[in-house]
Amino acid sequence: MTESVATALEQLESRRNRLVALTAANLCTRCGFCTESCHFFLSDRDPQLTPFAKVERVRSVYKKEHDWLSRLFPRFTGARDLTEEELDAWTEIAFRYCTMCERCVLNCPMAVDTPAILGAVRGALTAAGKAPEILVQLADAAIQREKSLHLFKDLYVEQIADLEKDLREKTGDPHASIPIDKEDAEILYVGLSGAHTIVPVAEIFNRAGTDWSLSLFEASNYAVFLGDMERAKAIAKRVVDEAIRLRVKEVVITECGHAIFSYRTAVPNWFGPLPFEIRSLIEVLDEYVSEGRIRLDASANPEPMTYHDSCSIGRKAGIFEQPRRILKAAGKEFRDMAPSKGKSFCCGAGAGLVANEEWKDTRLKAGGPKAEQITETGARVVVTSCDNCRHQIGDLSEHYGLDVEVRSLAEVAARAMA
Ligand code: SF4
Ligand code: SF4
């Protein structure tokens, strides 16, 4: 047995009870109801890409380890040993052909949690050194950013000062600001790297009179995709420590699916009780629109718009109505996809797949069902509250000739501010 196989088996064992119980896989009755849920299967029709088949591959090793009948008669039960080749096949199943979208879970009468099982497999593969290198590098870079805070902070402050100048020019407001390191602010806003998640939000916060401070860190957490909870905690802790240091009342997470999901679910468990609330930017925008803190002029967005429910924001975090309320206030015509909300199709690039250029062909193919849904609406603008989904839908537009623009909710709301 190689070292990586031994590590993977040991890790799976340690995650068996804690995470999902790989034994849940044994509940599967092979009914096949989950089959038509998965965008990987729907876009390829390869039986190996059904949720059931992906878990079956893990289950066959699990049986060899835990089932006496399988140990005695592996051929009879279909049990197999974990080998280097099998680990490589698992990397494909768990990282390339599952975006952890949870759509199959909805349709399983036995409540088999395929993404949770494959999430445990991701963690085992990461420990065994079999995770995609790009995800490991991105997670490590985030941790390094905190260690080198003294090196990058001055540069970051300069970059934000430039953005502030742009903001003042754009809004015509000489007092518009992007505060950093502001103590006792109401909100610590955690964006992503890049101006697109900062400038429109700064426009809205300045107009609404929000007392806020921009985080020094980004909301994304690639270690979540690795199933590596120790690294994921270290990345999230940077923001938790910053919020405590600045004594803010609330941490507001930008439009990023996995960040919203992990900050609302895992972070309070890891570090709670916390002395601040955690909300999504979507909820804050919805509140501002509903309470009249910002007024929107629908004529600023005249083209028909549709909304893509990111799996982590919709199905996993239950945020369905708020974005639709904002879009109906900010645009002339809103057209929902069918199916939408909890039953919405994944864009095909979640759970870190979008970061892996080597697998771009896979995600473009897997985005086929989403591309069809978009075409059926006839919308000219697709709005989504996740940066990964935006990237993917932009690529889908090019690949499938959809000819749509992709915008965030904050961009649409900022355009419509009267
Ligand atoms: S979680 Fe999503 S991508 Fe993964 S097997 Fe289920 S339907 Fe397919
Ligand atoms: S729907 Fe559930 S029980 Fe049926 S094949 Fe899929 S995982 Fe197994």
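How many helices and strands does the protein chain have? Here are some notes, as you look through this predicted model.

1. **Overall make-up.** The protein chain has 20 helices alongside 7 strands. Its radius of gyration is 22 Å, close to the 22 Å that the globule rule gives for 418 residues, so the chain is as compact as a globular protein of that length. If you want a feel for the outline, the C-alpha atoms fill a box of roughly 75 × 50 × 35 Å along the principal axes.

2. **Domains.** The domain assignment splits the protein chain into domain 1 (3–131), domain 2 (135–288) and domain 3 (295–416). Taken over C-alpha atoms, the centres of domain 1 and domain 2 are 35 Å apart. Their contact draws on 6 residues from domain 1 and 5 residues from domain 2. On the domain 1 side that touches domain 2, you will find 2 nonpolar, 3 polar and 1 charged residues.

3. **Ligand 1.** Have a look at the surroundings of this ligand: there are 15 residues around ligand 1, and C38, P51, C98, C101 and C104 come nearest. The elements that contribute two or more residues to this shell are α3 (51–66), α7 (103–106) and α8 (114–127). Sorted by class, the shell around ligand 1 holds 9 nonpolar, 3 polar and 3 charged residues.

4. **Ligand 2.** Which residues come nearest to ligand 2? They are C28, C31, C34, C108 and V112, out of 13 residues around this ligand. The class breakdown for the shell around ligand 2 is 9 nonpolar, 3 polar and 1 charged.

5. **The sheet.** An open sheet is formed by 3 strands, in the order β5-β6-β7, with parallel pairing. At its edges stand β5 (305–308) and β7 (405–407); each has a single partner strand, so one side of each is left without a neighbour in the sheet. On average, and ignoring direction, neighbouring strands of this sheet are turned by 30 degrees against each other.

6. **Pairing of β6 with β7.** It is worth zooming in on this pair. Strand β6 (residues 381–384) is joined to β7 by 3 bridges, and the two run parallel. As a landmark in the pairing, V381 stands opposite E405 in β7.

Terms used: Residues are numbered from 1 along each chain as its sequence is written. Chains are lettered from A and ligands numbered from 1 in the order in which they are written. This is a predicted model: local features need pLDDT of at least 70, side-chain atom pairs count only at pLDDT 80 or more; totals for chains, interfaces and linings use all residues. A residue is near a molecule or strand if its C-beta atom, placed from the backbone, lies within 6 Å of it. Helices (H or I, at least four residues) and strands (E, at least two) are DSSP runs, numbered from the N terminus. Ala, Val, Leu, Ile, Met, Phe, Trp, Tyr, Cys and Pro count as nonpolar, Asp, Glu, Lys and Arg as charged, and the others, Gly among them, as polar. Two strands pair if DSSP finds at least two bridges between them. Axes are lines fitted to C-alpha atoms, for helices over the stretch in contact, and angles run from 0 to 180 degrees between N-to-C directions. Domain bounds come from an automatic or database domain assignment. Two residues are in contact if their C-beta atoms, placed from the backbone, lie within 7 Å. The radius of gyration is taken over C-alpha atoms; the globule rule is 2.2 Å times the number of residues to the power 0.38.
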